[in-house]
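Here is a short tour of one protein model and the ligand it holds. Have a look at the sequence and the 3D view, and then let us walk through the sheets, the loops and the ligand site together.

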Amino acid sequence: MEKREKFVAKTYAGLEEILLEELEQLGAENCKLSTRAVLFEGDMDTMYRANYFCRYALRILWQVGEFHFRDNKQFYEEIYKYPAEKVLKSNGTLAFSVTMKDAIFSTPLFAAQLAKDAVCDRFREKYDERPSVRKENPDVQFHIHIMGDRATLFLDSSGEPLYRRGYRVASHPAQISEVIAAAMVKLSGWQADCDLIDPMCGSGTILIEAVLAALNVPAGFFRRSFGFYRWKTFDQKRWEQIQDEADIRDDVPVNFYGSDISGRFIGMAKDNIREARLTDFIRVRRSPMNESRPVRTPSFVIFNPPYGERLDMEDIEQAYKEMGDTLKQHYAGCTAFIISSNVNALKNIGLHASKRFTLYNGALECKFMRFDLYKGTKNGDFRNLQNENSDN
Ligand SMILES: C[S@@+](CC[C@H](N)C(=O)[O-])C[C@H]1O[C@@H](n2cnc3c(N)ncnc32)[C@H](O)[C@@H]1O
């Protein structure tokens, strides 16, 4: 049996638990929650699987060393000991990134340079040839995490962050991270058992992530590369076998509708949907939110309105009030989820949130709120206590 290795899956704050569950389902062992991360163990297959299948991870780091050090010299010596030639060719390229807290080094850059010197000196002394530094897209990206006098050495197995799924060909100015969009679909509890509507779909990220999840398409299906592709240890045959484990469905029995007030953004959504090969699944059209209606009831509505940060809205509070009015008047019997960083604007929705999560869209702290739009009252704000599933 292959050796057990230690890994760290990085993610956004608030997604640790769903990532842990996902890793366990992939066979990862000893999974533990950490801050914006999940620690786990497994073999190289587990590392390949995590990169290919995880929807909620940003990158997968392989822990290859851990040591204490007193001074620069000992730090250098400990890095020198790591047999980097196992993964890196002597004429290859490398880069180091460092995060640190309470460390002896004046800057992370200084620690990164010392570590790079140690690896390059080892190559020169042992093989008479040394790798060169390449900041962008190196063959091997090292990462060192330093806490006081303790350092942990990692190899970044993902390369480009895993939210770069590979289907996004059009770039919307306020697009949501693919990882957050996938997490919103998961946290909403939608189970591909009713239609899904995004009435402010922009470039279509939420709908695309929902269909990919419903069809069981691996999160990494469209990516052209992963960090480990250029490691000496890369096992192409094993990687292909792992990709073949994907059990992709060819249909899902519900419909997906997107609309947006901007024709330009609808054009972007169409481009991304085409690139993700989902034109048979998602219908998008130009239309304002107040004209959107569910085709069938119940439906799920998940959307990401402007927050008034990256996209201007003339009267943001009035706009949120109108969103609430549309949901109340036309979506009775449906479930709506809204993500926004604008807490004041959210108050204008005028509906009672039965559940709320805190998520981060980039640096912005957001509320992701559930609204149950009950039938039976004119304004849809009737609180059926028997049905209400509130955690707050
Ligand atoms: C934050 S962006 C959504 C980004 C999208 N989730 C993505 O990943 O590309 C908000 C979108 O709401 C749209 N929008 C603003 N006001 C609208 C309205 N009244 N009706 C429909 N769409 C609207 C904007 O055009 C914009 O595309």
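Which strands does helix 8 lie across, and at about what angle does it run to strand 11? Helix 8, made of residues 263–275, lies across strand 10 and strand 11, and its direction is at about 165° to that of strand 11. Please keep in mind throughout that this is a predicted model.

**The sheet of 7 strands**

Strands 10 and 11 belong to an open sheet of 7 strands, with mixed pairing and the order 11-10-9-12-13-15-14. Strand 11 (282–286) and strand 14 (353–361) stand at its edges; each has a single partner strand, so one side of each is left without a neighbour in the sheet. From one strand to the next, the twist averages 15°.

At the strand 11 edge, the partner is strand 10 (residues 256–260): the two run parallel and are joined by 5 bridges. If you would like a landmark there, find Ser-259, which stands opposite Arg-285 in strand 11.

Follow the chain into the loop between strand 11 and strand 12 (299–303), and you will come to Pro-298. The peptide bond that joins Thr-297 and Pro-298 is cis, with omega about 0°. That deserves a second look, because most peptide bonds are trans.

**The sheet of 8 strands**

The other sheet to visit is also open and mixed in its pairing; it has 8 strands in the order 2-3-1-4-8-7-5-6. Which strands stand at its edges? They are strand 2 and strand 6 (132–133), and since each has a single partner strand, one side of each is left without a neighbour in the sheet.

Four of the pairings in this sheet are set out below.

| Strand pair | Sense | Bridges | One of the bridge partners |
|---|---|---|---|
| Strand 2 and strand 3 | antiparallel | 4 bridges | Ser-34 with Ala-37 |
| Strand 4 and strand 8 | antiparallel | 7 bridges | Leu-61 with Asp-156 |
| Strand 5 and strand 6 | parallel | 2 bridges | Thr-93 with Ser-132 |
| Strand 5 and strand 7 | parallel | 8 bridges | Ala-95 with Gln-141 |

Two helices meet this sheet. Helix 2 (residues 44–53) packs on it and touches strand 1 (5–10), strand 3 and strand 4, with a direction that makes about 135° with that of strand 4. Helix 3 (residues 72–81) lies across strand 4, strand 5 (93–101), strand 7 (140–147) and strand 8, running at about 125° to strand 4.

The strand 2 edge has some backbone detail to enjoy. Strand 2 covers residues 29–34, and Asn-30 is placed within it. Asn-30 is not a glycine, yet its phi is positive, near 50°. Strand 2 and strand 3 form a hairpin with 2 residues between the strands, and in this hairpin Arg-36 also takes a positive phi near 50°. Both values catch the eye, because most residues other than glycine have a negative phi.

**The ligand**

Now for the ligand. How many residues are around the ligand, and which come nearest? There are 22 of them, and the nearest are His-172, Ser-203, Thr-205, Asp-260 and Met-289. By type, the shell around the ligand holds 13 nonpolar residues, 8 polar and 1 charged.

Some of these neighbours make polar approaches that you can pick out. An N or O atom in the side chain of Thr-205 is 2.6 Å from an oxygen atom of the ligand. His-172 likewise brings a polar side-chain atom to 2.9 Å from a ligand oxygen. With Met-289 the backbone takes part: one of its polar backbone atoms is 2.8 Å from a nitrogen atom of the ligand. How much of the ligand's exposed area does the protein bury? Taken alone, the ligand exposes 610 Å², and the protein buries 91% of that.

Asp-260 is a good place to end, since two parts of the tour meet there. Asp-260 is among the residues that come nearest to the ligand, and strand 10 runs over residues 256–260.

Conventions. Residues numbered from 1 in each chain as written. Predicted model: local features only at pLDDT ≥ 70, side-chain atom pairs only at ≥ 80, totals over all residues. Heavy atoms only, no water. Near = heavy atom within 4 Å. Polar contact = N/O pair within 3.5 Å; in protein donor to acceptor, adjacent residues only side chain to side chain. Areas by Shrake-Rupley, 256 points an atom, 1.4 Å probe, with all protein chains shown as cover. Nonpolar A, V, L, I, M, F, W, Y, C, P; charged D, E, K, R; others polar. Pairing = 2+ DSSP bridges. Axes fitted to C-alpha atoms, helices over the stretch in contact; angles between N-to-C directions. Contact = heavy atoms within 4.5 Å.
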